[in-house]
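Visitor: I would like a close look at one part, the relation between the copies, and then a walk from there into the chains themselves. Please take it slowly and keep the cut-offs in view.

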There are 2 protein chains.
Amino acid sequence: MRDVTLQKRIRAIRAKLQEKKGGCLVVTKPGNVTYVTGFTGDDSWAVITSRAIYLITDSRYSEQAESDCAGCRVIERKGSMAKEAARLLAGRRAAGRILVESTTSVAEFEALRKNVKQRIRAVSNIIESVRSIKDAGEVAAIRSAVRIAAKALERVRRQMRRGITENELAGALDFEIRRLGGQASFETIVAFGANASRPHHRCGNRKLRKNDTILIDFGVRYKGYCCDLTRCLVVGKTGSLYEKAYGAAKEAQAAAISRVRAGVKISEVDAAAKDVIRGYGLPVYGHGTGHGLGLEVHELPVVSASVKARLEAGQVVTIEPGVYIPGKLGVRIEDDIVVTETGCRVLSSYCGRHEG
Amino acid sequence: MRDVTLQKRIRAIRAKLQEKKGGCLVVTKPGNVTYVTGFTGDDSWAVITSRAIYLITDSRYSEQAESDCAGCRVIERKGSMAKEAARLLAGRRAAGRILVESTTSVAEFEALRKNVKQRIRAVSNIIESVRSIKDAGEVAAIRSAVRIAAKALERVRRQMRRGITENELAGALDFEIRRLGGQASFETIVAFGANASRPHHRCGNRKLRKNDTILIDFGVRYKGYCCDLTRCLVVGKTGSLYEKAYGAAKEAQAAAISRVRAGVKISEVDAAAKDVIRGYGLPVYGHGTGHGLGLEVHELPVVSASVKARLEAGQVVTIEPGVYIPGKLGVRIEDDIVVTETGCRVLSSYCGRHEG
């Protein structure tokens, strides 16, 4: 990561710390640790004080950390993470109240609290809200991930023949993603026929039949950044209910995307998609219409009915309405979109030819 | 899952709840939710009361939950997880103190605490300690995962030729695992040459050269259960330092395995391996000598110097000493072992022909 990028992030985070009257922030969520340090390993915490950024890691990662994290000081921990963080914070008592990410486990928070003398408090979404606005480099990385996803899907199309199992098709897709230099950003979902009515179906040994349908929900991680796409494909002929459901999902997605613009209420985007599904007399999906993505495949903002916030320029979100009829069918169409001041850019539109 | 298996687990957990003076337990850790309900989806909690087991999930999973979880009552949540759990607990006030897994986030614990009237407390390792003892069915599942791993590795051996990248080899291995009906249980590590000095190296585009070394740390999940293996392979000739390091790791592993038996101090097993490495004058690895595995790839017990506990019959652990010399080499040998009253059984010994 370029130093200037890191500095910009840290400045934005320190401004939020001041708002919350915090002197320093203990960062325990892996994606957030990566965001503020550049470190991509596991089991590490970061501590942001008013003067410096520290990465606390262990011996498995210390070699990697030294090369990943130019902008911060690497501490190889000896004892538990909480004890090492407390030791570090003991030397900066002047720095004021300690804020800890509220995603930290109760056990670790308590271990930290017992070992520091300052006031300490759990806080939500400090780094997450900064992270939700992507810079040009981050958008480019997500776009690269989308390109790999599109190419990988294209390469496995010829394998979508009768007899292949969900498991095998998912494996073939993951393999192509790897060959293209990426990695699956989550467990690839391949669902044939009625299996697709489970939005988070786990692949099994169901074989592809004549006149069958395929739902593929997959993502690529490339240079740390994730995309997340869902495509529905048909082998042979399909019935009118499926056609209706697919048409409704497609129209719902278009309606939601047409609302996306900085300043628009997120709940409006969600409602736009659901109104279309409802208008078709089809069951309205129970999940949200989308979510932010970036270093993780689920980030802020959540795109759902209960969210009060408005979209901001630079956010990257999925828009993924679906129709699910248990025992019969499932469709979902998911694309990745950058919010702009005047509307949006669909990063994955050129995967369109894979659809339906 | 068979009902009788589930009942046995719940009985053991309820006994531990009584020890801790708890009336019910809120289970938030995904592997633990699976263990007590059979449910394999995400984003779900379980609540164990003195009378029943509840699974709280959302609409994405409710269809799956009804079929997965014969032994428990499925609740499709409308509001947040904590609110739904609190609503459920409000009806069982007589059930006494609420215990919550201490791996729960501070945010969720607080949300729960605010919404219940009973006393509430975070507790560690209740289910984890029960889970650490595997029954015959669980050991059989891990053994099946090991078999798939061995077969997949065998199938990619011919691809270990000059020019293939770490990424490609990892992808080919994952693909074979999928074809055999399994899934990678964690992100496959393939490290060529000196890259192996990073115990958690992330695959890149480094190509395999003439007279090169390969470290593969990989696992398979099969029917929910994980194995975790590391093999070192040599292409062409290698140097004497590598041979020495490999020999030391091999001898260290044998020394540790020879100590494994129910009742033995875990720290002794760790020391046995490290003493061998030290005896060779090589740097002693900074990670533990092993860890339990089962539904997750890291479970209790931790096999390291600081652990006070003793091994128990039925535990399944990895034994994985290594030698790391930054910029030069890395070796690690990892097998999966069942602890018995009289010693142990190495589940992965028949993968031995892949070594060295």
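Which rotation, and how much shift along its axis, superposes chain B on chain A?

Guide: This is a predicted model, in which local features need pLDDT of at least 70 and side-chain atom pairs count only at pLDDT 80 or more, while totals for chains, interfaces and linings use all residues. Residues are numbered from 1 along each chain as its sequence is written, chains are lettered from A and ligands numbered from 1 in the order in which they are written, and side-chain values use heavy atoms, with hydrogens and water left out.

A rotation of 180 degrees, with 0.0 Å of shift along its axis, brings chain B onto chain A at an RMSD of 0.0 Å (a least-squares fit on C-alpha atoms of residues with pLDDT of at least 70 in both copies). The two copies are therefore related as by a two-fold rotation axis. Within chain B, the C-alpha of Ser105(B) is the one nearest this axis, at 2.0 Å. Both copies use the same surface, since 100% of the contact residues of chain B recur in chain A (contact means heavy atoms within 4.5 Å).

Inside chain B, the axes of helix α7 (residues 136–156) and helix α8 (residues 166–179) come within 9 Å and cross at roughly 130 degrees; axes are lines fitted to C-alpha atoms, for helices over the stretch in contact, with angles from 0 to 180 degrees between N-to-C directions. Helices (H or I, at least four residues) and strands (E, at least two) are DSSP runs numbered from the N terminus. The crossing angle makes α7(B) oblique to α8(B), a word for angles that are not under 35, over 145 or from 65 to 115 degrees. On the α7(B) side the contact is made by Ile148(B), Ala152(B), Leu153(B), Arg155(B) and Val156(B), and the residues of α8(B) that take part include Leu169(B), Leu173(B) and Ile177(B).

Elsewhere in chain B, helix α2 (residues 30–37) is mostly covered, with seven of its eight residues buried (buried is under 20% relative accessible area, exposed over 50%, partly exposed in between, with a 1.4 Å probe and protein chains only). Among the buried residues are Asn32(B), Tyr35(B) and Thr37(B), and just after the helix Gly38(B) takes a positive phi of about 90 degrees. Lys21(B), in the loop between α1 (3–19) and β1 (24–27) of chain B, also has a positive phi, about 55 degrees, although it is not a glycine; Lys21(B) is exposed, with a relative accessible area of 64%.

In chain A, Arg231(A) lies in strand β12 (residues 229–235) and is buried, at a relative accessible area of 1%. The side chain of Arg231(A) makes a polar contact of 2.6 Å with that of Asp335(A) (N or O atoms within 3.5 Å, within protein one able to donate a hydrogen and the other to accept it, and residues adjacent in sequence counting only if both atoms are side-chain atoms). A polar atom of the Arg231(A) side chain also lies 3.5 Å from the backbone oxygen of Ser348(A).

Lastly, each chain has a cis peptide bond to consider: Leu300(A) and Pro301(A) are joined with omega of about 0 degrees, and Leu300(B) and Pro301(B) with omega near -5 degrees. Pro301(A) is in strand β14 (residues 299–303) of chain A, and Pro301(B) is in strand β14 (residues 299–303) of chain B.
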